[in-house]
Amino acid sequence: MHEHPLLRLVVLYGGVSAEHDVSRVSAAHVLAAADRDKYTLIPVGVDKNGVWHRNDAIAAALAAGSSIPGRLDVEGPEVDPLNVVRGDAGDLTVVLPLLHGPHGEDGTVQGMLELFKVPYVGCGVLGSALCMDKAMAKELAARAGIPQCRWVTFRDGVDDARTIVDRAVDELALPIFVKPANMGSSVGVSRAASPDELDKAINVALRYDDVVVLEEAVTAREIEVGVLGNSAPDTTFPGEIRSGSEFYDYEDKYVTGTAELMIPAPLDDDAIAEVRGLAADAFTALRCAGMARVDFFYEEGGRGWLLNEINTIPGFTPASMYPKMWEYSGIAYPDLIDRLVTLALEVHRRRSSFSTEH
């Protein structure tokens, strides 16, 4: 028997975004690795309509020490979000959101958990929202002096598309990558080699968001760094992605698996020190907490390190860089989960201590 009740770890997965399926794999991997002597594991799937389901079948398998599938279904009784994240009186709960993309990684779920006063893993409302919005993230990183590739932002209903296309061709030169501002896993991203293709690419991106980022095409290595911590974050040794397709897209990441992951990235000591420092600076500048994966381009013989983007809920699948880089850097997968829970409780205690009085 346990002397103390176990901490309830609510693992949220699925979600309404285009990354629903990726999230189901991440959750299965986290639940399989979490220490069952420390946590009561409660898997909660969010279906594509936003309805929450408590997956009792998986919870029972975990409690019995049985194995679980590598991809969780979203099934089980419908539950009220407030009840499931709060638990019973006296329960200590931490929520681990593994909801990649909009309505999960963008500050919305984080805001709900703040209202309910429930500790949760990862970035707060502002950090999540900033990093999810590629346009705002770029503005802030620029203010913080972090090097990036050149970009132009297009806001539907605010900017004139013709003017933006002309400006992008002039300032960025073709080819140009076009991305919805609030999407992940390379969903809705296109490469445009002509003004006509640029028009089409903007329309594709507008299916996912009303803010679109146009970026110069960079010939560079793709390097990622894992960050873990709150005010004084730790960083991993960098990893490198050698893409199997024209750019590291959704298919390459999750379907064909043709990308080659190299951990550690073959870089000299100075370059490693520099990119780890930039990753920590970007994490701090964009108000991140808990965890993030910071992605860079490395333009050898050119501008050097260029920030690409920050993922505040990085993939936790067996093929994902974030847990693999931490493993190489000395933190095994189950220990990584423990560290994230500890960091979540630390942030929650600090936020709870602030006065609301005049």
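In the second largest pocket, helix α12 supplies the largest share of the lining, three residues. Let's work through that and a few other features. This is a predicted model, so local features need pLDDT of at least 70 and side-chain atom pairs count only at pLDDT 80 or more, while totals for chains, interfaces and linings use all residues. Residues are numbered from 1 along each chain as its sequence is written, and side-chain values use heavy atoms, with hydrogens and water left out.

**Exercise 1. Work out what lines the second largest pocket.**

- A pocket here is an open set of points on a 1 Å grid over the protein atoms alone, with protein on both sides within 12 Å along at least five of seven lines; lining residues have an atom within 4 Å of a point.
- The space in this pocket comes to about 250 Å³, taking volume as the space filled by probe spheres set on the points.
- It has 13 lining residues, and nearest its centre lie Arg 287, Cys 288, Ala 289, Arg 350 and Arg 351.
- Two or more lining residues come from each of α5 (125-132) and α12. Helices are DSSP runs of H or I, at least four residues, and strands are runs of E, at least two, numbered from the N terminus.

**Exercise 2. Check the length of α7, then find which way its buried residues face.**

- The expected span is 1.5 Å times one less than the number of residues.
- For the twelve residues 161-172 that gives 16 Å, and the end C-alpha atoms are 16 Å apart, which agrees.
- Buried (under 20% relative accessible area, 1.4 Å probe, protein chains only) applies to Ile 164, Val 165, Ala 168 and Leu 172 in α7.
- These cover an arc of only 100° around the axis, so they sit on the same side of α7; the arc is taken from the directions from the helix axis to the C-beta atoms.
- An α-helix has 3.6 residues a turn, so residues three or four places apart point the same way.
- The partners of that buried set are β5 (151-155), β6 (176-180), α8 (195-205) and β8 (211-216).
- After α7 comes Ala 173, with a positive phi near 65°.

**Exercise 3. Find the residues that touch the most other members of the largest nonpolar core.**

- Such a core is a set of buried Ala, Val, Leu, Ile, Met, Phe, Trp, Tyr and Cys residues joined through side-chain atoms within 4.5 Å.
- This one has 36 residues, and the answer is Leu 9 and Phe 316.
- α12 gives the most to this core, eight residues.
- Phe 316 touches (heavy atoms within 4.5 Å) residues including Val 30, Met 291 and Leu 340.

Note on methods. Buried means under 20% relative accessible area, exposed over 50%, partly exposed in between (1.4 Å probe, protein chains only). On a 1 Å grid over the protein atoms alone, a cavity is a set of points where a 1.4 Å probe fits but cannot get out, and a pocket is an open set with protein on both sides within 12 Å along at least five of seven lines; lining residues have an atom within 4 Å of a point.
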